[in-house]
Amino acid sequence: MVKKFIVFIIALLSAVQLSFAQKLPSQRPKLVVLILIDQLSTNQIITFRNQFSDNGFNRLIYGGTFYRNASYPAGSAYYGSNLTSLVTGTYPSTHGIVSDWWYDRVRNKEVHALYGDLILNNDEYEKHPSADRVLSSSFTDELKWTNNGRSKVSAIGRNEQHSIWCGGHTPDAIYKIDDNTGQFIAINHNDSTDSLPEWVNQFNKKDFLETYSTRGWGPLNDLSQYYQMRFFSEQREASTDFMYSLVLQEGAGAYIPVIHSPYGNKIIRDFAMAKIIHEEYGKDDEPDVLTINFSTRPVHGGAHGAFNAEIEDMILRLDLEIADLLKTIDKEVGLENTLIALTSVSTPHRPIEENTRHGIPTGVFSGQKASSLTNLFLMAKYGQGKWIMAYHDGHMYLNHELINERGVDLEKIKEEAASFISDMEGVAFAMPISEIKIATSNLASVRNMQYNYHPHRSGDIVVKISPGWTEEFGDGRKVNRNWNSTHLPLIFYGWKVNPKNVYQNVSMIHFAPTISSFLEIPFPNGCEGEPLHGITY
């Protein structure tokens with residue numbers, strides 16, 4: 001009897017020990033999953049957390065390290081500038097993505113950050129997106145170099161504007177949903193739609209978005225309990241107007257209505273889970289990296305900012321998608337072997353009418369119109385000519401060739417143009433870039449301009465618009481320029497991560513060296529950030 005009891009105890013202890021050993025985290029993460037969410041703020045996570053399930057956002061924020069006030073260097077309003085800073089650990093002054101466009105003085109032409117020299121073919125521009133114009137390495141580049149390409153690196157999302165920057169210079173695959181077909185296509189230059197893996201072809205054949213387009217979109221929960229209906233109900237004509245048809249539209253972009261609804265996030269989740277399973281991410285000793293781009297920015301509903309009902313519903317439904325994603329990762333790889341990092345691409349902004357209603361100074365500034373007025377001013381002073389060559393993202397480029405030809409002092413004309421622009425409505429100040437370079441001010445706005453200065457890509461004059469103002473681009477897009485892009489969430493969860501909340505501001509340039517430290521690889525070659533402390537035990 002005693003022998004049987006001893007044998008039972010030994011067997012029980014062995015089972016417990018084996019079970020415990022199976023849950024021990026790997027020496028370094030086998031899989032890093034970067035979840036990037038467009039239009040999500042810390043405020044939204046905190047406001048909606050009581051409506052989340054236990055296994056999505058709440059699992060991350062209560063079980064992981066939650067930085068409540070992360071920030072990007074805000075010199076540019078272009079997502080690519082910020083995301084490149086995230087994965088390289090450097091400022092635009094080093095990695096070179098100062099804006100979506102810049103003027104190349106050597107070649108006397110404008111260059112797109114993502115597409116480079118756009119090629120005109122039959123009156124249409126051919127776009128070949130890549131990270132070729134990023135001047136420094138990313139943590140994924142260093143991972144690839146360290147193990148001679150054995151790690152898998154991929155990104156999945158709605159479009160290339162977010163995914164390309166996270167894949168580095170040599171990703172294995174970048175996938176997006178095609179607006180015209182509703183199918184996932186490979187968009188990086190190392191792959192083509194003709195050579196898609198068989199599992200991708202089989203996934204596409206299921207035509208999920210075609211099915212979703214017949215379902216419509218209404219609120220997940222009782223609409224009366226949504227934040228907008230409780231506090232801003234006057235913004236909606238009727239409490240029952242939240243029901244949208246997702247029927248495919250005619251012509252180009254047929255699938256946009258369904259892609260930019262909660263079903264877009266659902267199909268991205270499904271595709272990501274299929275990729276993890278079919279391509280065995282996290283299954284060997286070489287770490288893999290997968291970036292998944294979600295969005296809480298619908299094309300449906302009014303522009304009521306962070307707390308309108310459609311955006312809240314997108315977030316509540318995304319919470320369920322994240323819960324399912326975590327469940328699959330735990331089953332396939334083990335969360336103890338996976339480092340989950342979640343952050344935001346950008347935060348939603350208050351519409352101009354909301355600022356006006358609450359007495360907050362606001363308005364719309366057009367850089368293109370400002371350039372035209374400045375050109376007229378300079379013509380009145382120095383004669384006819386195209387004195388302004390281009391304006392992009394707060395950077396104004398002067399015509400150096402014309403300035404030299406007319407014998408005008410370059411520094412003088414910069415100061416005169418900056419002074420003229422500074423008197424325009426909505427402009428906080430404008431400064432010659434030469435003054436920005438040597439400025440010793442501790443003002444965050446000036447430091448951010450310095451972080452965004454690159455000698456070969458920045459303009460001659462930098463324009464800073466007033467807080468609360470919106471900038472309108474030439475194509476009609478409007479963006480709100482924060483003086484500091486702060487109050488973004490940054491969450492680490494899973495592999496060896498301690499649960500805690502951090503309220504102090506932390507710059508996103510510290511993300512890449514932190515991940516590099518966990519992966520035990522070199523920092524990106526231009527890295528200016530440092531590893532964050534206290535995340536792991």
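Of the contacts in the protein chain with a separation of 6 or more, 71% are between residues 24 or more positions apart, a contact being heavy atoms within 4.5 Å. This is a predicted model, in which local features need pLDDT of at least 70, side-chain atom pairs count only at pLDDT 80 or more, and totals for chains, interfaces and linings use all residues. Residues are numbered from 1 along each chain as its sequence is written, and side-chain values use heavy atoms, with hydrogens and water left out.

The protein chain has 20 helices and 21 strands. These elements are DSSP runs numbered from the N terminus, helices being H or I with at least four residues and strands being E with at least two. Of the 537 residues in the protein chain, 56% are buried. Here buried means under 20% relative accessible area, exposed means over 50%, and partly exposed lies in between, with a 1.4 Å probe and protein chains only.

I turn to strand β10 and its surroundings. F294 is in strand β10, and F294 counts as buried at 2% relative accessibility. Leaving out residues up to four places away in sequence, F294 touches I35, L36, I37 and D38, together with R158, N265, I268, R269 and L318. The C-alpha atoms of F294 and K266 are 9.1 Å apart, with their positions 28 residues apart along the chain.

One of those partners, D38, belongs to strand β1, residues 31–38. D38 is buried as well, with a relative accessible area of 5%. Which side chain does D38 join in a polar contact of 3.0 Å? The partner is the side chain of R297. A polar contact is a pair of N or O atoms within 3.5 Å; within protein, one must be able to donate a hydrogen and the other to accept it, and residues adjacent in sequence count only if both atoms are side-chain atoms. Beyond its neighbours within four places in sequence, D38 is in contact with residues including Y79, H162, F294, V345 and S346.

Next, a helix pair. Two packed helices are described by the angle between their axes and the distance between the axes. Helix α12, residues 262–278, packs with helix α13, residues 309–332, at an angle of about 10 degrees, and their axes are 9 Å apart. The axes are lines fitted to C-alpha atoms, for helices over the stretch in contact, and angles run from 0 to 180 degrees between N-to-C directions. The two helices, α12 and α13, are therefore roughly parallel to each other; angles under 35 degrees count as roughly parallel, over 145 as roughly antiparallel, 65 to 115 as roughly perpendicular and the rest as oblique. From α12, the residues in this contact include N265, R269 and M273, and among those they meet in α13 are R317, L318 and E321. The residues of this contact divide into 8 nonpolar, 2 polar and 7 charged. In that division Ala, Val, Leu, Ile, Met, Phe, Trp, Tyr, Cys and Pro count as nonpolar, Asp, Glu, Lys and Arg as charged, and the others, Gly among them, as polar.

Helix α6 covers residues 139–146, and 6 of its 8 residues are buried, so it is largely enclosed by the rest of the structure. The buried residues are F139, T140, D141, E142, L143 and K144. They pack against α4 (79–88), β7 (153–157), α7 (160–167), β10 and α20 (511–519).

Backbone geometry comes next. Most residues other than glycine have a negative phi, and most peptide bonds are trans. Just after α6, N148 takes a positive phi of about 55 degrees. E280, which is not a glycine, likewise has a positive phi of about 55 degrees. E280 lies in the loop between α12 and β10 (288–295) and is partly exposed at 48% relative accessibility. D393 has a positive phi near 55 degrees. D393 sits in the loop between β13 (388–392) and β14 (395–398) and is buried, with a relative accessible area of 5%.

Two further sites deserve mention. V479 is in strand β18, residues 478–480, and counts as buried at 18% relative accessibility. V479 and Y78 are 401 residues apart along the chain, and their C-alpha atoms are separated by 9.4 Å. In helix α18, residues 433–438, we find S434, whose side chain makes a polar contact of 2.9 Å with the side chain of E411.

Finally, how many disulfides does a search of the whole structure find? The search finds 0, a disulfide being a pair of cysteine sulfur atoms within 2.5 Å.
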